[in-house]
Protein chains: 2
Amino acid sequence: MFQALLWQLPLAAALWPKPHIYTTGSTTVVVNPSTYSFQAVATTPELEDAFVRYRSLFFPHSTSPAPQALDAGLVVDIFDTKADLILGADESYTLDINLDGTSVVAAKTVWGALRALESLSQLVDFNFSTGQYSFSGIPVHIEDAPRFPHRGILIDSGRHFESVPQVKAFLDSMAYAKMNVLHWHLTEDESFPIASRSFPELPQKGAYSDFEQYTWEDIAEVVKYARMRGIRVIPEFDMPGHSTSWRNSHPEIFAEGCLSQSSRGAFDPANNQTFSFLEAALKDWSALFPDGFLHLGSDEVPASCWNNTKDLAWMKTMGFSNSSDVFNYFVNQMAGISQKLGRQTIFWDEAFLSAKPPQDAVIQNWHDASLMQKIVDAGYRAIYSSNGGYTNGWYLDGLKATWENMYVLEPLTNISSDKAHLVIGGEGCMWGETVDPSDLEFTVWPRAAAIAERLWSDPSANSTAEAEPRLQRFRCQLLARGVHSGVVGGQGRDAPPGPGSCVQKPKVLAQGEQSVFI
Amino acid sequence: MFQALLWQLPLAAALWPKPHIYTTGSTTVVVNPSTYSFQAVATTPELEDAFVRYRSLFFPHSTSPAPQALDAGLVVDIFDTKADLILGADESYTLDINLDGTSVVAAKTVWGALRALESLSQLVDFNFSTGQYSFSGIPVHIEDAPRFPHRGILIDSGRHFESVPQVKAFLDSMAYAKMNVLHWHLTEDESFPIASRSFPELPQKGAYSDFEQYTWEDIAEVVKYARMRGIRVIPEFDMPGHSTSWRNSHPEIFAEGCLSQSSRGAFDPANNQTFSFLEAALKDWSALFPDGFLHLGSDEVPASCWNNTKDLAWMKTMGFSNSSDVFNYFVNQMAGISQKLGRQTIFWDEAFLSAKPPQDAVIQNWHDASLMQKIVDAGYRAIYSSNGGYTNGWYLDGLKATWENMYVLEPLTNISSDKAHLVIGGEGCMWGETVDPSDLEFTVWPRAAAIAERLWSDPSANSTAEAEPRLQRFRCQLLARGVHSGVVGGQGRDAPPGPGSCVQKPKVLAQGEQSVFI
């Protein structure tokens, strides 16, 4: 039970997610945290911020103040310091750790440099006996780049409010797994937590309480914090359903069929005021969320709300024969507004199943994964996040979906190679019915790490047996950094089964015995 | 479901823990975060640190940099800036919020001033509609002091390693509840995570892994961090049982009866080397833990380990007739060592039940609470932390122990008034079998808040109905500050039952309807 080495192979073989190409040597060199330098050939604000952050992640036990006289350490060379954080931004990097302990990162953009810093931080070893930091298994050479450009997690601040400190901590944890999209499901039937400059009454009447709201500045701060970590924030304003909380202040744009307190509401497409209102509200928020994408929901529409005298009359004048026609109209109106605001639109897969959005829309698959093929065959870009019956999908609220089940899922299943580029990535979806700041991280991690590796690494990385010890080490690193990751194995949100190491299944190593992980 | 006010009485009536005396008015005054000043008549490092910390707790939505031109704000007047953080340090304070929004704190020591800052921070209101901070229900006058001087939580880093960032975050959360003792159960049968300067082999061979150890500097940093928050750190080195992890490196001081890998070990009192070794080890750590108290365990001793030829022969020479005599000898030897090191000793209640420690020892009650009376009647000081059958006690690993059950327990039950001063306080015990950084905060909070109030507030505060809305508001504040508190109600570690506010049971307020909390 004692003194298990968590890893005995060269550490470069332990990285999570697994890099595409790496070679290792057999030398160990001690590095001095007091003189180790972080230098940029040409810098950016994000890189400078990361240098400060990663100094304490490299050297967590050092309590000395920032050193005065710096020696050689890390040099980061970025080719294009102006590259913006957008879908498809180049995140590739090469990383070399030399025999003298110095390192060189070369990256096309700062976003790639951030991923390199994360890799390098996972390679710093600390020896409690000597008190020394070192790089082992060097020289190390890594060539790495993500497999998919969109690697996200959805959090749901409409069903439970997630406080700003919690969201920031969550962004930290995402960066450790090299994820790059926070899909922020902000509004729901249940609550409307986000400030609106044009319509302040939306949160005033739609938030859960006088505690559970985001100010304009709160959101701006989160977006900036995310950018510093190379994470895009894509806001979702779910509509025309999942929108009941808007009705508290604006019943006039809701379908008459569902105006009672007890019913779930739906926006009224028969009312031109609906679209002018939504355009004004979204225009406001587009100043707050600089990302090029806007998620406009469109799942689980309570179409029966439109089954009322006024809407039926309007449908007749429009030549619409059923609620799918109405839904299609709504989706296309909203895509048009989004385009006017300079945004591309993401919809849940109902917008593909029951409507025909513009060809530049992105469809997020949450129903059966077999739909992915149909979406891309129809020429749409697709995001993989099938719920897989809450057991074999990427819905993190499916507590029976183990990390192993999540790990073996493959977004390109049955996708022809000429369509593969249309699959832009995937997301783990942490729906908020039973998740609030108390258990968010505990429910997401470590399972979302399986998703992160599937989306980053070579598809040949598909053995859960090979992955498990790496994932256990990654979990230990998450805990060491203050992330509240649950245990590796079992269901989501399982408590540790009994006393034990962070790997939970430590094995007693007899004298000379090889590590269980080899 | 929408827009419930979390509190409608004057906020001073919402404080957790409840202050002893408070009066409120009916005026509201806006305060400007950009110019609000924190000033000390005479200052200390801890107060200066707290001023920085509480500025962001007062004004969490302000992202402006520290203001240049300060206006009136808070003035703190400390009578004795030299008062050390010890058992019984004066934590009383008075707090006045005046009609112009300025505040005055008067405290005998900085430790009382820290409690006052926490109270004041819970009284700052933020209005999302106007973007303004305010004090309402003013003028406020508070006179407050803790009922018991020892208000603690035990965490168990021997069964699961708790990383330094997690322990620091935990200390933050304790300070929010005005708790002042971290009882750090550091070593266990399962692992030995703490550095030793004289015996580095202890963690080298006793820790779970090469990840799960505290360096000397890590511990020093935690102790300093705690002091800044007015929290004493009392280390526990459990012995002579619960010590198996020491045996990996030092089998020579263990009883021969339990030397096999599979058995739980016990120190060997027949061996003088045992005591010289333990004295040297404890002398080391006494430099690291400045507190005047040292906890030396003594619970659940596997006395059968002493039932071997060597120890039986030794017992005969000592005139000992049974293992209780041996245990008594061990306890008194260790109390003597502790005294040589300038420390008072705390023991678990077996040291009272089966031995007779020196009269200046403190006995921590974990068996039935009826023992408290016997402990103080015998003239010992006592700490209340009965497990209450894991349902009606202060063992936080008893998940069936609800906050209500914890709240109504009374440490002075059946204690005569002339002995009451011997009850120095109590502790919630968060044993670590199924708790690690993933679920520590989630399991402790909000239930430990019930303990915190019992130990701070007037004993007349004993209605769970009165306490519940205050506790819900306190939980919302914990979440807003990034503490992972579970829901109020139900068992420990319950996930939120469904979508909802941080209070989980929001009620729709009709126009003019009174708050559900009044």
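## Salt bridges and selected sites

Arg159(A) has a relative accessible area of 8% and is therefore buried, the cut-off for that class being under 20%. The model described here is predicted. Glu190(A), with a relative accessible area of 16%, is buried as well. A salt bridge joins Arg159(A) to Glu190(A), and its closest N and O atoms are 3.9 Å apart. This pair links distant parts of the chain, 31 residues apart. Arg159(A) sits in the loop between strand 10 and helix 3 (164-176) of chain A, and Glu190(A) in the loop between strand 11 (181-187) and helix 4 (201-206) of chain A. Through shared partners, salt bridges connect Asp156(A), Arg159(A), Glu188(A), Glu190(A) and Glu433(A) in one network.

**Other salt bridges in chain A**

Side chains of opposite charge can pair when their charged atoms come close. Over all chains, the count is 45 salt bridges. The table sets out three of them, all from chain A.

| Salt bridge | N to O distance | Separation in sequence |
|---|---|---|
| Glu91(A) and Arg151(A) | 2.8 Å | 60 residues |
| Glu410(A) and Arg147(A) | 2.8 Å | 263 residues |
| Arg159(A) and Glu190(A) | 3.9 Å | 31 residues |

In the salt bridge between Glu91(A) and Arg151(A), the N to O distance is 2.8 Å. Glu91(A) belongs to the loop between strand 4 (74-78) and strand 5 (93-97) of chain A, while Arg151(A) is in strand 10 (residues 150-156) of chain A, so the pair ties together parts 60 residues apart in sequence. Both of these residues, Glu91(A) and Arg151(A), are buried.

Glu410(A) and Arg147(A) also meet through their side chains in a salt bridge, at 2.8 Å from N to O. Because Glu410(A) lies in the loop between helix 12 (403-407) and strand 17 (423-430) of chain A and Arg147(A) in the loop between strand 9 (140-144) and strand 10 of chain A, this pair ties together parts that are 263 residues apart in sequence. Glu410(A) has a relative accessible area of 19% and is buried. Arg147(A), at 22%, is partly exposed.

**Glu300(A)**

UniProt lists Glu300(A) under "active site" in an unreviewed entry. Glu300(A) is placed in the loop between strand 13 (293-297) and helix 8 (309-318) of chain A. Its relative accessibility is 37%, so Glu300(A) counts as partly exposed. Neighbours within four places in sequence left aside, Glu300(A) is in contact with His242(A), Arg264(A), Glu350(A) and Trp366(A). With His242(A), Glu300(A) also shares a polar contact of 2.7 Å between the side chains.

**Two sites in chain B**

Ser243(B) is in the loop between strand 12 (232-239) and helix 6 (244-247) of chain B. With 0% relative accessibility, Ser243(B) counts as buried. The side chain of Ser243(B) reaches the backbone oxygen of Pro240(B) at 2.8 Å. Leaving aside neighbours within four places in sequence, the contacts of Ser243(B) include Glu188(B), Asp189(B), Asp238(B) and Phe254(B). Gly265(B), Ala266(B) and Phe267(B) are also among the residues in contact with Ser243(B).

On the surface, Val41(B), Val75(B) and Val104(B) form a nonpolar patch, and together these residues have about 210 Å² of accessible area. Val75(B) belongs to strand 4 (residues 74-78) of chain B. The relative accessible area of Val75(B) is 31%, which makes this residue partly exposed. Val75(B) can therefore count toward a patch, since patch residues need over 30% relative accessible area.

Terms used
Residues are numbered from 1 along each chain as its sequence is written. Chains are lettered from A and ligands numbered from 1 in the order in which they are written. This is a predicted model: local features need pLDDT of at least 70, side-chain atom pairs count only at pLDDT 80 or more; totals for chains, interfaces and linings use all residues. Side-chain values use heavy atoms; hydrogens and water are left out. Patches are made of residues with over 30% relative accessible area and no salt bridge: like charges are joined within 9 Å, nonpolar side chains (Val, Leu, Ile, Met, Phe, Trp, Tyr) within 5 Å. Accessible areas come from the Shrake-Rupley method with a 1.4 Å probe; for residues, only the protein chains shown count as cover. A salt bridge is a side-chain nitrogen of Lys or Arg within 4 Å of a carboxyl oxygen of Asp or Glu. Helices (H or I, at least four residues) and strands (E, at least two) are DSSP runs, numbered from the N terminus. Buried means under 20% relative accessible area, exposed over 50%, partly exposed in between (1.4 Å probe, protein chains only). UniProt positions are given in the numbering used here, feature names are shortened, and annotations may be inferred rather than shown by experiment. Contact means heavy atoms within 4.5 Å. A polar contact is a pair of N or O atoms within 3.5 Å; within protein, one must be able to donate a hydrogen and the other to accept it, and residues adjacent in sequence count only if both atoms are side-chain atoms.
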